[in-house]
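Biologist: Before we talk, please put the sequence and the structure up, and then I will ask how each term you use is justified.

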Amino acid sequence: MTYTSTTAAIPEARAIPRHIAIIMDGNGRWARQRMLPRVAGHKRGVESVRATVRACIERGVEHLTLFAFSSENWRRPAAEVDTLMELFVLALEREVGKLHQNGVRLRIVGDLQRFGPRLNKLIAEGEALTRGNSRLTLNIAANYGGRWDILQAVNSLLRERGADEPVTEAELAGRLCLADTPEPDIFIRTGGEQRISNFLLWQLAYTELYFTDTLWPDFDAAALDAAIESYRRRERRFGRTSEQVAEAMQKSAATETSVKP
Ligand code: IPE
Ligand code: IPE
Ligand code: MG
C-alpha cells in the first residue's frame, strides 16, 4: 500500500488537490430544461467528462474519480439503464485511445460482474492499454456502491484469514477498490443535491465537500477552478486545532526555505 490514510497520518497541504472525486449529477434536469429526452443530458455529460479530464491534467491533479453509475441506478427505467450502458460502451470505444495518448491511466471500479461480456472486454482492454500511464489516473466508478466496496473488502479479508483476529484499518483499506490511491482531497457534487448517494463512504472520511448547483453537462474548467478555489480556502484540521495547523504550516515553510540553495 503506497498511500497514508488520513486517519493514520496527516497528508501534506497542497494548493492543487491530489485526488478529486466527483458525483456527476443533473444530466436529466439539464435535458428536461431544454425539452429534450434524458439521454441527451447523458450524452452532453460525456463532453463534460472530457473537459474535466483535460483540466485535471493541465492543473496537475493526479487522481480523478468519477461516479458514472451507482449500485442503486439499476432502479431506473430499463430503457434508461440500457442507454447508459450503450453510452458507456461508446465512450470506451471512442475515448480510450485519446486517453492513452494523453498519458491517462484508466480504471473502472465497481462490481463489474453485472455488466455484459462486451463491456467487460472493453474495460479489460482499456485498462491493459493504459496501465503504464502515470500523468493522471482516471477512476470511473460503475455499478459502484460505497457499502459494496466495504463489504467486498471485508469478505476478501475473511476468505484469507480467520475471523478470530481483529481487523486493522490498514488491512481493510488495503482491500478497497482505491486501495493504492490517496483519499480524495475534494469531493464535488454537481446538480444541487447535498448527499453522498453511496459513493466513497470510507474514503471520504476527511475529504472537503463541495456542492454546486451547476448541472453536470454545464460543468467545465471554470467550474472546476471554482471548486479548487473553494478547497484552497478551507482549513483542513484533521482533528487538530487551528493553532496547531498554523504551527505545522510555519514549520514546513521553514524546512522548505532551509533546503533552498
Ligand atoms: C447523473 O444525472 C447521471 C447518472 C446518475 C447516470 P441524472 O440522470 O441523475 O440527472 P438528474 O439528477 O435526474 O437531473
Ligand atoms: C448519483 O446520482 C450517482 C451518479 C451520479 C452516478 P443519482 O442521481 O443517482 O443520485 P440520487 O439517487 O439522486 O441520490
Ligand atoms: Mg441525479
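Biologist: Which exposed residues does the face of α7 turned away from its buried side carry?

Modeller: That face carries Ala222 and Arg233, where exposed means over 50% relative accessible area, buried under 20%, and partly exposed in between, with a 1.4 Å probe and protein chains only. This is a predicted model, in which local features need pLDDT of at least 70 and side-chain atom pairs count only at pLDDT 80 or more, while totals for chains, interfaces and linings use all residues. Residues are numbered from 1 along each chain as its sequence is written, chains are lettered from A and ligands numbered from 1 in the order in which they are written, and side-chain values use heavy atoms, leaving out hydrogens and water.

Biologist: How do you know that the span of α7 agrees with that of a helix?

Modeller: Helices are DSSP runs of H or I with at least four residues, strands are runs of E with at least two, and both are numbered from the N terminus. The expected span is 1.5 Å times one less than the number of residues, so the 13 residues of α7 (221–233) should span 18 Å, and the 19 Å between its end C-alpha atoms agrees with that.

Biologist: What makes the buried residues of α7 line one face?

Modeller: Ala223, Leu224, Ala227, Ile228, Ser230 and Tyr231 are buried. Seen down the axis, the buried residues fall within an arc of 155°, so they line one face of the helix; the arc is taken from the directions from the helix axis to the C-beta atoms. These residues pack against β1 (19–23), α2 (38–59), β5 (186–189) and β6 (208–211), contact being heavy atoms within 4.5 Å.

Biologist: Why are the buried residues of α4 placed on the same side?

Modeller: The buried residues of α4 are Leu119, Leu122, Ile123, Gly126, Glu127 and Thr130. They cover an arc of only 125° around the axis, which puts them on the same side of α4. They pack against α3 (78–101) and β3 (104–109), whereas the face turned away carries the exposed Pro117, Arg118 and Lys121.

Biologist: What lies 2.9 Å from an oxygen atom of ligand 1?

Modeller: A polar side-chain atom of Asp25 lies at that distance, and a backbone N or O atom of Asn27 lies 3.1 Å from an oxygen atom of the ligand. Taken alone, ligand 1 exposes 380 Å², and the protein buries 86% of that, by the Shrake-Rupley method.

Definitions and conventions: Polar contact = N/O pair within 3.5 Å; in protein donor to acceptor, adjacent residues only side chain to side chain. Areas by Shrake-Rupley, 256 points an atom, 1.4 Å probe, with all protein chains shown as cover.
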